[in-house]
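The following note sets out comments on aromatic contacts and helix packing, as numbered points for the structure shown below.

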Amino acid sequence: MRLPALLTWLAFPVYIWQGLGVRRRTTRMLPAQGPVMHEIAGGAPAISLLVLGDSSAASVGIGHSENGLAAQLAVLISQRTGQAVRWRAAGFNSATSGQIRDHVLPNLSADPWTHIVLAIGTNDTKNFHSVPRFKKEFGGLLYALRAKWPEARVVWSPVLEFTRAPAMPPLLGKILEIRAAEMNRMGERLCLERGAVPAPRLPITDPEAGFASDGFHASEAGYRAWAEHLVGLVLNA
């Protein structure tokens, strides 16, 4: 762990104090209503897309799953390729890399997913997990994914910029952003070592439009921008 991240431990009391304030002020949002699995008609061969991860994979922040990350990404893939797309969103509120590795992945059926998008790491960062812990848990998750779906293209979407989230007080956002940078650096290294593709960070140009009413999760426009950001990498185009 580099020096700036080590120094954030000195700010741990600030993290606790301001974090409790954010939790009190923020309404806990539920996953979007609607299907978590769907198919889009098109040509052969069909593309099978699994979006796996935390609340962003569950489309928390919006009303209906058809406007979430998995559904919008599937639509873009279909439009670009003309192929049929079968998609599933396997997202869970507050999930960390270790929880997805230990409690979700073993219980997913071994459907023949051709493309997997991982949206994970935000809660590892927010919960002040250490970089060595993230290395073990996220790295183990990558190993498990490659073992279960050895031919799938796996793309990891890294931790977003905490300083751009409207719900974050400036100091708390800066503390978490330092830690997010370390998580992303480690995550990119692990992806390259273990057969996954690390995506660039999603640029947040308009926080008011891109975030939901809680100031932390994505809005419909935010999920759309996220899908547009990832589609080329998912298709390796």
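1. Helices are DSSP runs of H or I of at least four residues, numbered from the N terminus. The model under discussion is predicted. Helix α6 covers residues 131-148, and F134 and F138 both belong to this helix, 4 residues apart, which means that about one helical turn separates them.

2. The structure contains 4 aromatic pairs. In the pair made by F134 and F138, the ring centres are 5.0 Å apart and the planes stand at 5 degrees; since planes under 30 degrees apart count as stacked, this pair is stacked.

3. Both partners of the stacked pair are buried. F134 has a relative accessible area of 0%, and F138 is likewise buried, at 0% relative accessibility. The two phenylalanines are also part of a cluster, in which ring pairs link F134, F138 and W156.

4. A further aromatic pair is formed by F162 and F216, with 6.4 Å from centre to centre and 40 degrees between the planes, and this pair is tilted. F162 is located in the loop between β5 (153-157) and α7 (170-193), while F216 is located in the loop between α8 (207-210) and α9 (220-235); the pair therefore ties together parts that are 54 residues apart in sequence.

5. The accessibility of F162 and F216 should be stated for each residue. F162 is buried, its relative accessible area being 3%, whereas F216 is partly exposed, at 22% relative accessibility. The cut-off matters here, because buried means under 20% relative accessible area.

6. Two arginine side chains lie over aromatic rings. R86 is placed over the face of W113, 4.4 Å from the ring centre. R179 is placed over the face of F128, at 4.1 Å from the ring centre.

7. Helix α6 also packs against another helix. How are α4 and α6 oriented to each other? Helix α4 (residues 97-104) packs with α6 at an angle of about 40 degrees, and the axes are 8 Å apart. The two helices are therefore oblique to each other, and their crossing is left-handed.

8. The residues in contact between these helices can be listed. On the α4 side they are S97, G98, I100 and R101, and these meet F134, K136, E137, F138, G140 and L141 in α6. F134 and F138, the stacked pair of point 2, are thus among the α6 residues that meet α4.

Note on methods. Residues numbered from 1 in each chain as written. Predicted model: local features only at pLDDT ≥ 70, side-chain atom pairs only at ≥ 80, totals over all residues. Heavy atoms only, no water. Phe/Tyr/Trp six-rings, centres within 6.5 Å; stacked < 30°, edge-to-face > 60°. Buried < 20%, exposed > 50% of the residue type's maximum accessible area, 1.4 Å probe, protein only. Lys NZ or Arg CZ within 6 Å of the ring centre and 35° of its normal. Axes fitted to C-alpha atoms, helices over the stretch in contact; angles between N-to-C directions. Parallel < 35°, antiparallel > 145°, perpendicular 65-115°, else oblique. Left-handed = near helix turned anticlockwise from the far one by under 90°. Contact = heavy atoms within 4.5 Å.
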